[in-house]
Amino acid sequence: MKFGTKVIHAGVQPDPTTGAIMTPIYQTSTYVQAAPGDHKGYEYSRTHNPTRTALQQAIAALENGTHGICFASGMAAVDAVVKLLKPGDEVISTFDLYGGTYRLFTQVFAAYGIKFTFCSLSDIEQVKSKITSATRMIWVETPTNPTLQIIDIAAMASIAKSAGALLVVDNTFATPYLQTPLDIGADIVLHSLTKYMGGHSDVVMGALVVKDQPLAERLIFLQNACGGTPGPQDCFLVLRGIKTLHIRMERHCYNAQHLAAFLSNHPKVEKVLYPGLANHPGHQIAKQQMKDFGGMISFTLKGDRIQDALTFLSNTHLFSLAESLGGVESLVGHPASMTHASIPKAEREKSGLTDTLIRLSVGIEDIEDLKEDIDNALKAI
Ligand code: P1T
């Protein structure tokens, strides 16, 4: 089945009791049993819920996995993956990572004896040099949040395999419309469904997708045992959101490509980070592993003055100043003080996350209006 058909049909079927074409919101915590253990597959909604089951099947199908496992937030999904490990185990990752993921690694799990090593994941030799006999996981975002580096998934998979480690790919920025990491060697795909998958900035949720039965069983166990599960109404909203994922992503990519070109030629702009630009260091790998280049752009201003960045941020009107990304409406953010404030300055600057970096989540509005909005805010500097 092709992607545009899958987003609409995978995982869902008319409701068996009424024929309702849309999966109902099963707003129930429990299910009546005819006798102890004699039930219809549902016992308690932390463990299973029919609306969640439909969403989990749909997401698994989109990522070419066998199991989708949903959580109450992207962070709850990250939490479940790290709980596969035990004290003494090591994870290799990078500073160029969502600030909340870095915070969970360094301020929660480090205290439980799990070791996190941060390096440049675009430097394959550096990654190999960090492998030890305790390495159990390589943790990748690609494109990265917020400097939009492209990490070679197949190369990371081969390093992980030879070390006997799992490769985790946070696919939030790309979505399965642009890349399916399980097909090129990843073991676990992670999503903040809050972003492009939900697509409408009206829900917070996360998911994991795997294609290995024992790994799925352990993650499903952790989902139920730790209990960070989403409610059925949120699952319904994401199910509805993903029906238009392919159409929204096409427009996000189209708008971002045009806006990146516009910014690149603007006299007040220093550097544009967008993998769709031919001068982006990860452009060739992006072309190989992605269908298009996504809807996120980061850039810096000439002169590198924080005041200029703040002036820009308070002068956009269609781009709203807010955390998050991936909704139909355009957002602008200042990672150093917002989404990535929990990463110490010296560490975030190692991957180019300076105090003047501005991040755009380019929405699906008309490109001419978006260009005009950015141009006006640049003129205000
Ligand atoms: O916000 P939540 O649904 O818990 O997802 C966490 C998360 C995980 N992975 C990536 C790549 C993310 O970008 C996020 C959340 N990011 C933002 C809120 C942000 O504005 O970057």
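Between domain 1 and domain 2, 16 residue pairs are in polar contact, with both residues at pLDDT 80 or more. The pLDDT cut-off applies because the model is predicted. Salt bridges do not add to this link: the count between domain 1 and domain 2 is zero.

The two domains come from the domain assignment of the chain. Domain 1 covers residues 7–242. Domain 2 covers residues 245–379. Their C-alpha centres lie 26 Å apart. Domain 1 gives 40 residues to the contact, and domain 2 gives 43 residues.

The area buried between domain 1 and domain 2 is about 3400 Å². Of this area, 64% is on carbon and sulfur atoms. On the side of domain 1, three residues lose the most area to domain 2. They are Tyr177, Leu178 and Tyr196. Together they make up 24% of what the domain 1 side buries.

The ligand also involves both domains. Domain 1 and domain 2 each supply at least three residues to the shell around the ligand. The shell holds 18 residues. Five of these residues are nonpolar, eight are polar and five are charged. Which residues come nearest to the ligand? They are Asp170, Ser192, Thr194, Ser324 and Arg359.

Polar side-chain atoms of the protein approach oxygen atoms of the ligand at several places. For Ser192, an N or O atom in the side chain is 2.8 Å from an oxygen atom of the ligand. For Asn145, a polar side-chain atom lies 2.9 Å from a ligand oxygen atom. Arg359 also places a polar side-chain atom 2.9 Å from an oxygen atom of the ligand. How much of the ligand does the protein bury? Taken alone, the ligand exposes 470 Å². The protein buries 93% of that area.

In summary, the link between domain 1 and domain 2 has 16 residue pairs in polar contact and zero salt bridges. Both domains also contribute residues to the shell around the ligand.

Technical notes. Residues numbered from 1 in each chain as written. Predicted model: local features only at pLDDT ≥ 70, side-chain atom pairs only at ≥ 80, totals over all residues. Heavy atoms only, no water. Near = heavy atom within 4 Å. Polar contact = N/O pair within 3.5 Å; in protein donor to acceptor, adjacent residues only side chain to side chain. Areas by Shrake-Rupley, 256 points an atom, 1.4 Å probe, with all protein chains shown as cover. Nonpolar A, V, L, I, M, F, W, Y, C, P; charged D, E, K, R; others polar. Domains from an automatic or database assignment. Contact = heavy atoms within 4.5 Å. Buried area = accessible area lost by both parts, 1.4 Å probe. Salt bridge = Lys/Arg side-chain N within 4 Å of Asp/Glu carboxyl O.
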